Amino acid sequence: MNEHSLRKKLSKLDIGGLRYFDSIGSTNDEALAWATSGAPDFSLVIADEQTHGRGRLDRKWFTPKRSGLAVSLILRLPASHLPYFSRTGGLAALSIAETCSGLGLAPRIKWPNDILINSKKVAGILIENIWAGDEVDSLVIGMGVNVYKDSVPPAELLQFPATSLEDELGKNPPAREEILFKILSAFTHWRERIGTDELIQIWEKLLAFRGEQVQVSGDIPITGELLGLESDGSLRLRDASSKSVIVRFGDVSLRPGA
Ligand code: ADP
């Protein structure tokens, strides 16, 4: 993957702008700075290597050289999409999941932001919003996809098992440009349908641990059966007293079992 091959592969898509780096601290940091200084809608920051990739709560995300996809997508939402902006994480997760399905794999979305294959994390998403008063000015959607085996961090650094497309396919995956093209094509498709029930239904079908007992750890830990999604993308659980509990977006992490 290099800038030339990326530009060529992505030329069929309606990209706002593209900044490519052989190595960068964090693609989200670069994208946040670019968004603040007026990046057009659907601009991309892509790096071959991240030296300080971030997860949520300042956890680290590993992207060694030539191993995976580290991409930050800048979105400026049209006014008609603003009521649905909380669905953006689902949109990104669905786009990565559909791309994995297209490769013959069986992905699941660990709400809110991870893609699993065979119960192991193959991709993560980090969304950061830029606000203008009470309204979202723009969003930066960071996507990290483990493509080759080398992208998988050593087990002792992980709280959750990880995998790569190469490991799961048992053979060489398609080129990273090709995988990114598929993710962004799916994203473009679903973005036009951001307000539809279909988006929520398909996202819900792909949820990991549906019908199982899960624990959501946040300020107040919650345990219950994972039922599905609310229309804003919040998670719906049934607690021990059969009461429906809604988990909004926030710093929660989901672990199977009770
Ligand atoms: P979670 O959703 O599991 O709470 P985050 O989305 O914040 O976690 O992602 C950061 C965590 O992901 C890190 O703490 C690390 O354990 C794990 N991690 C870091 N790099 C990778 C990678 N390339 N593949 C899979 N997991 C990773």
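1. In what follows, Ala, Val, Leu, Ile, Met, Phe, Trp, Tyr, Cys and Pro count as nonpolar, Asp, Glu, Lys and Arg as charged, and the others, Gly among them, as polar. On that basis the shell around the ligand consists of 7 charged, 6 polar and 6 nonpolar residues. The model is a predicted one.

2. The ligand has 19 residues around it. Those that come nearest are Arg 56, Arg 59, Phe 62, Asp 114 and Asn 146. By the classes above, Arg and Asp are charged.

3. Two of the polar contacts involve backbone atoms of the protein and a nitrogen atom of the ligand. At Phe 62, a backbone N or O atom lies 3.0 Å from a ligand nitrogen. At Ser 151, a polar backbone atom is 3.3 Å from a nitrogen of the ligand. Of the 580 Å² that the ligand exposes when taken alone, the protein buries 97%.

4. A side chain also takes part: an N or O atom in the side chain of Lys 121 is 3.1 Å from an oxygen atom of the ligand.

5. As for location, the ligand takes up the space of the largest pocket.

6. The domain assignment divides the protein into domain 1, residues 3–205, and domain 2, residues 213–254. Their centres, taken over C-alpha atoms, are 24 Å apart. The contact between them draws 16 residues from domain 2 and 10 residues from domain 1.

Conventions:
Residues are numbered from 1 along each chain as its sequence is written. This is a predicted model: local features need pLDDT of at least 70, side-chain atom pairs count only at pLDDT 80 or more; totals for chains, interfaces and linings use all residues. Side-chain values use heavy atoms; hydrogens and water are left out. A residue is near a molecule or strand if one of its heavy atoms lies within 4 Å of it. A polar contact is a pair of N or O atoms within 3.5 Å; within protein, one must be able to donate a hydrogen and the other to accept it, and residues adjacent in sequence count only if both atoms are side-chain atoms. Accessible areas come from the Shrake-Rupley method with a 1.4 Å probe; for residues, only the protein chains shown count as cover. On a 1 Å grid over the protein atoms alone, a cavity is a set of points where a 1.4 Å probe fits but cannot get out, and a pocket is an open set with protein on both sides within 12 Å along at least five of seven lines; lining residues have an atom within 4 Å of a point. A molecule sits in a cavity or pocket if more than half of its atoms lie within 2 Å of its grid points. Domain bounds come from an automatic or database domain assignment. Contact means heavy atoms within 4.5 Å.
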